[in-house]
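Please open the structure in your viewer and keep the selection tool at hand. The tour below goes from stop to stop, saying at each one what to select and what is there.

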Amino acid sequence: QVQLAESGGGLVQAGGSLTLSCVASGSISSTDVMGWYRQAPGKQRDLVAAMSGGGITTYADSVKGRFTISRDNAKNTVYLQMNSLKPEDTAVYYCKLVNTRSGRVYAYWGQGTQVTVSS
């Protein structure tokens, strides 16, 4: 079992910055894939950024050049540095961890943290 706890959300003006953190606990491995998704009201949950255990990253086109994902395996933590925030970045941000154990793939979600960007 894995538990994920996000923090760092809040209210920020357009152009500002926020850093989200997600601490994982439980059966964790440095090879697990960790990432961030977001869901705005009335919309589906979409990938924002993800990082493999080997450090390979992927970003949504809408955040490239503005957001940076990083992880500290010693702390079982993944971060999302968000710069140049826009009102359209307003959403609940969720941390996700995907691992493979005994040939089976498992996915875990955090409870989400609200990010609100005012214009």
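Is Trp109 buried, partly exposed or exposed? At 36% relative accessibility, Trp109 counts as partly exposed, where buried means under 20% relative accessible area, exposed means over 50%, and partly exposed lies in between, with a 1.4 Å probe and protein chains only. Before going further, note that this is a predicted model, in which local features need pLDDT of at least 70 and side-chain atom pairs count only at pLDDT 80 or more, while totals for chains, interfaces and linings use all residues. Residues are numbered from 1 along each chain as its sequence is written, and side-chain values use heavy atoms, with hydrogens and water left out.

**First stop: the aromatic cluster**

Keep Trp109 selected, and note that this residue lies in strand 10; strands here are DSSP runs of E with at least two residues, numbered from the N terminus. Now add Tyr37 and Tyr94, which form one aromatic cluster with Trp109. The structure holds two aromatic pairs, a pair being two rings of Phe, Tyr or Trp (its six-membered ring) whose centres lie within 6.5 Å, with planes under 30 degrees apart counted as stacked, over 60 as edge-to-face and the rest as tilted. The rings of Tyr37 and Trp109 have centres 5.0 Å apart and planes at 70°, so this pair is edge-to-face. That pair links distant parts of the chain, since Tyr37 is in strand 4 and Trp109 in strand 10, 72 residues apart. Tyr94 and Trp109 also make an edge-to-face pair, at 6.4 Å centre to centre and with 85° between the planes, and this pair joins strand 9 to strand 10 across 15 residues of the chain. Tyr94 itself, at 14% relative accessibility, counts as buried.

Next, select Arg45 and look at where its charged end lies. The charged end of Arg45 sits over the ring of Tyr94, 3.6 Å from the ring centre, and Arg45 also lies over the face of Trp109, at 4.6 Å from that ring centre. A charge sits over a ring if NZ of Lys or CZ of Arg is within 6 Å of the ring centre and within 35 degrees of the ring normal. To finish this stop, select Glu6, whose C-alpha atom is separated by 9.8 Å from that of Trp109, although their positions lie 103 residues apart along the chain.

**Second stop: strand 9 and its partners**

Select residues 91–101, which make up strand 9, and then residues 104–109, which make up strand 10. Strand 9 and strand 10 pair in the antiparallel sense over six bridges, where two strands pair if DSSP finds at least two bridges between them. Along this pairing, Arg101 has Arg104 as its bridge partner, and Lys96 stands opposite Trp109. The hairpin has two residues between the strands, and one residue to pick out there is Ser102, in the loop between strand 9 and strand 10. Phi of Ser102 is near 55°, a positive value in a residue other than glycine, and at 82% relative accessibility Ser102 counts as exposed.

Now add strand 4, which runs antiparallel to strand 9 and is joined to it by seven bridges; Val33 stands opposite Val98 here. Add also residues 113–118, which are strand 11, joined to strand 9 by three bridges in an antiparallel arrangement, with Val92 opposite Gln114.

**Third stop: the loop at Asn76**

Which loop holds Asn76? The place of Asn76 is in the loop between strand 7 (67–72) and strand 8 (77–82). Asn76 has a positive phi of about 50° although it is not a glycine, and with a relative accessible area of 28% Asn76 is partly exposed.

**Last stop: the largest pocket**

Select Arg38, Ala40, Lys43, Asp46 and Glu88, which are the closest to the centre of the largest pocket among the 13 residues that line it. The volume of this pocket is about 170 Å³. A pocket is an open set of points on a 1 Å grid over the protein atoms alone, where a 1.4 Å probe fits, with protein on both sides within 12 Å along at least five of seven lines, and lining residues have an atom within 4 Å of a point. The elements that give two or more residues to the lining are strand 4 (33–39) and strand 5 (46–51), and strand 5 gives the largest share, three residues.

How values were computed. Helices (H or I, at least four residues) and strands (E, at least two) are DSSP runs, numbered from the N terminus. Grid points are joined across faces, edges and corners, and a volume is the space filled by probe spheres set on the points.
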